[in-house]
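User: Hi, I have a protein model open and I'd like to go through it with you. Could you take me through the main features?

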Amino acid sequence: MIALIFSVRKVMKSGSLTEMPKMLFFILSIYLSEVGADDLYHLSFDEKIEFVSVQVCFDGEPPRYLYRNSQSNRFTEWVRAGDRNIGHRGERHLSLKGLEAGSCVSWRVNLARAASHGDYRLALQLEDAVLMPADLWFWRDDERRPLRVKVDLPEGVSLSVPWKEQIAASGQQFYVPEQTPASWSSKVAVGSFTIDQIPVGGTRLRLAIIGVPGQDKRRDLAAWIRESAASVASVYGRYPQLQPQVLIASVGKQTSPVPWAHIIRGGGAAVEFFIDHHRSLSEFRADWTATHEMSHMLLPYVSRRDRWLSEGLASYYQNVLRARDGRLTEEQAWRRLNDGFERGRKATRGGSLASATRSGRGATMRIYWSGAAIMLKADAQLRALSNGRQSLDTALEGLHGCCFEEGKTWKAKELLAELDVLTGFEVFSGLYEEHVPDEEFPDVEALYARLGVVAANGSISLEPAAPWENIRQFIMNDHSVSTGGSGNR
Ligand SMILES: [Zn+2]
C-alpha cells in the first residue's frame with residue numbers, strides 16, 4: 001500500500017550541522033480569556049487509540065454544516081446532539097439545521113477500523129503511530145468560526161497537529177486551529193512517539209518522527225530539519241510561520257532519502273516528509289527537499305492555478321539557501337539553478353506559462369523552473385535598482401508583515417502587485433507581464449552576462465570582473481547563516 005505513495009512523482013533534488021541543544025519547551029503565551037467566544041472542541045482518545053470521541057459545543061448559533069472526510073461515515077459509530085442520536089448518512093457534510101444556539105454535538109470514530117482498512121490515504125498505520133487526515137474525525141465548519149480544542153490523551157501517547165498551542169489563564173493547554181477553509185487538508189498523527197520542540201527563528205518547530213527506530217537516527221533527522229529550517233529563517237531573521245507542525249514518516253527502503261514531501265495548510269502550516277530512514281545524515285543533508293518545502297512557507301497560500309510562483313520561489317531558494325548555509329558552493333548552486341533552467345527549457349513546448357500551469361499535467365519542470373528563473377530575475381533587478389537595499393528577501397519580509405491572513409488564497413498577480421508596493425519598484429508586475437503570457441522559457445542570458453555566470457558544456461564558471469559581480473555575491477551570501485546575522489547587506 002505504501003508503494004502507492006511513491007507513484008506520486010518527486011520532481012527535483014541535496015544539508016551544516018549544529019548540535020541539538022536541550023529543548024526548552026516554551027509555549028507562545030497568548031492568554032485566552034476563560035469565557036472565549038469560540039466553538040469548543042473536546043477530543044478524547046481511549047488507551048489503545050482504537051477510538052476518538054469528539055464533542056463540540058457551539059458559541060451561539062451552530063454553523064449550517066460540519067465538513068468531513070468523504071470516508072468518515074464508514075467509520076463513525078454514532079453522532080449525537082445532546083443525548084439524541086442524529087443521522088450521519090451524508091458523505092462530506094453533517095447538517096446541523098434546527099439545532100439551538102449553544103448546542104453540543106458529539107461523535108465517535110473507530111480509528112482501529114480505519115487503520116486496518118488498507119488505504120494509506122485514509123490512515124497509515126506505522127509501528128508507533130497512526131497517520132491520518134484530520135477531517136476523518138475533526139469535522140469543522142466552513143464559516144471561519146474561531147475554534148478551541150481541548151485534548152485528553154492516555155499516558156505515553158502524543159498527538160501531532162498543525163493547530164497552535166495556547167495556554168488559558170487557568171494554565172490549561174488548548175489548541176487553536178487557524179481559520180482556514182474546510183477544504184484545506186491537514187494531517188494528524190497519534191501514537192507513542194515523542195514531539196521534539198525545535199527552536200528556530202523566533203518560534204519552534206513541532207517535530208514528530210514516526211516509524212523510525214533508534215534515538216540516534218531520530219537525532220540525525222531532527223538535526224537535518226533544524227538546519228533546513230534555520231536556513232529558511234535566515235531570509236529575514238525569523239521563521240515565516242509560527243509553531244509549524246513537521247511530520248516525518250518512514251516508509252522503508254526507497255530509491256532516494258525523501259521520495260515524497262509536501263506542505264499542508266489546513267488549520268495551520270505543516271510539512272510532511274516520507275523518508276527512507278536507512279539513509280545516512282549526510283544523504284539527508286545533501287537532499288534539497290526539506291529546504292524546498294520549508295521555503296514554501298515564505299509565501300502565503302497561492303492558488304494552484306498560479307503555482308509557478310510558489311514552486312518557483314521554493315525551487316530558487318532550495319539552491320540559494322543551501323549556498324548561504326554552506327551546504328553548496330556558489331558554483332554548485334549556480335550549476336543547480338542552471339540545470340533546472342535547462343530542464344525547464346526542454347519541457348517548454350508551446351502555450352503560455354499561465355496555460356501550462358493551469359492545465360497542470362506534464363509541465364512540472366517548466367512550471368517550477370520558469371518560476372525559479374523569474375525569482376532570480378526579480379532578486380537581481382531589485383538589488384540593482386535599489387543599490388542593495390531591496391531584494392527578494394526584503395520583499396518577503398515585507399509580505400510577512402502585511403499579508404499572511406489566515407485562510408486566504410492569493411492570485412499570483414495580486415501577490416506580485418503587493419510585493420511591488422512593499423519594495424517601491426515595479427519589478428514583480430513587470431516580470432509577470434513579460435513571462436506569464438510568454439510561450440518561451442524566461443531568458444536569463446543577458447542577466448547571466450551582467451552577473452558573470454558563464455554556463456558552458458554543462459559546467460558553470462564565475463567571472464570576477466562582471467558588472468553585477470557584487471549582486472551575484474550577495475544573492476548566494478546574503479544573511480549567510482554562518483555570519484549569524486542579517487546585517488551584512
Ligand atoms: Zn514545492
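Analyst: Let us start with the cysteines: when the bonded cysteines of the protein chain are numbered in sequence order, their pairing reads 1-2, 3-4. Please keep in mind throughout that this is a predicted model.

User: How many disulfides does a search of the whole structure find?

Analyst: The search of the whole structure gives 2 disulfides. A disulfide is a covalent bond between the sulfur atoms of two cysteines.

User: Okay, and where do C57 and C104 sit in the chain?

Analyst: C57 and C104 form a disulfide with their sulfur atoms 2.0 Å apart. This pair links distant parts of the chain, since C57 belongs to strand β2 (residues 51-57) and C104 to strand β7 (residues 104-110), 47 residues apart.

User: Why is that disulfide of C57 and C104 called right-handed?

Analyst: The torsion about the S-S bond of C57 and C104 is about 110 degrees, and therefore the disulfide is right-handed.

User: What about the other one, C402 and C403: left-handed or right-handed?

Analyst: The link of C402 and C403 is left-handed, with -95 degrees about the S-S bond, and the sulfur atoms of these two cysteines are 2.1 Å apart.

User: Is C403 buried or exposed?

Analyst: C403 has a relative accessible area of 6%, and because buried means under 20%, C403 counts as buried. Its partner C402, at 42% relative accessibility, is partly exposed.

User: Switching topic, which residues hold the zinc ion as its protein donors?

Analyst: The protein donors of the zinc ion are H292 and H296, each through NE2, together with E311 through OE, and they lie 2.0 to 2.1 Å from the ion. Along the chain, the donors follow the spacing H-x3-H-x14-E.

User: And are H292 and H296 buried or exposed?

Analyst: Both H292 and H296 are buried. For the wider picture, 56% of the 489 residues of the protein chain count as buried.

User: What about empty space, say, how much lies in the second largest pocket?

Analyst: The second largest pocket holds about 520 Å³ of space. Its lining consists of 31 residues, and those that lie nearest its centre are K164, E178, Q241, F404 and E406. Sorted by class, the lining of this pocket has 13 nonpolar, 11 polar and 7 charged residues.

User: And which residues line the largest cavity?

Analyst: The largest cavity is lined by L159, S160, V161, E165, Y175, I195, R206 and Q245, and its volume is about 50 Å³. By class, that lining has 4 nonpolar, 2 polar and 2 charged residues.

User: One more thing, what is the phi of Q243?

Analyst: Q243 has a positive phi of about 45 degrees, although it is not a glycine. As background, most residues other than glycine have a negative phi. Q243 is placed in the loop between α3 (215-233) and β17 (245-250).

User: Where is N457 found, then?

Analyst: N457 is found in the loop between β20 (453-456) and β21 (459-462), and the phi of N457 is also positive, near 50 degrees.

User: Why does N457 count as exposed, and why is Q243 buried?

Analyst: N457 counts as exposed because its relative accessibility is 83%, and exposed means over 50%. Q243 is buried because its relative accessible area is 1%, and buried means under 20%.

Technical notes: Residues are numbered from 1 along each chain as its sequence is written. This is a predicted model: local features need pLDDT of at least 70, side-chain atom pairs count only at pLDDT 80 or more; totals for chains, interfaces and linings use all residues. Side-chain values use heavy atoms; hydrogens and water are left out. Donors are N, O and S atoms within 2.8 Å of the metal (3.2 Å for Na, K and Ca); water is not among the atoms, so sites may look incomplete. Buried means under 20% relative accessible area, exposed over 50%, partly exposed in between (1.4 Å probe, protein chains only). On a 1 Å grid over the protein atoms alone, a cavity is a set of points where a 1.4 Å probe fits but cannot get out, and a pocket is an open set with protein on both sides within 12 Å along at least five of seven lines; lining residues have an atom within 4 Å of a point. Grid points are joined across faces, edges and corners, and a volume is the space filled by probe spheres set on the points. Ala, Val, Leu, Ile, Met, Phe, Trp, Tyr, Cys and Pro count as nonpolar, Asp, Glu, Lys and Arg as charged, and the others, Gly among them, as polar. A disulfide is a pair of cysteine sulfur atoms within 2.5 Å. Helices (H or I, at least four residues) and strands (E, at least two) are DSSP runs, numbered from the N terminus.
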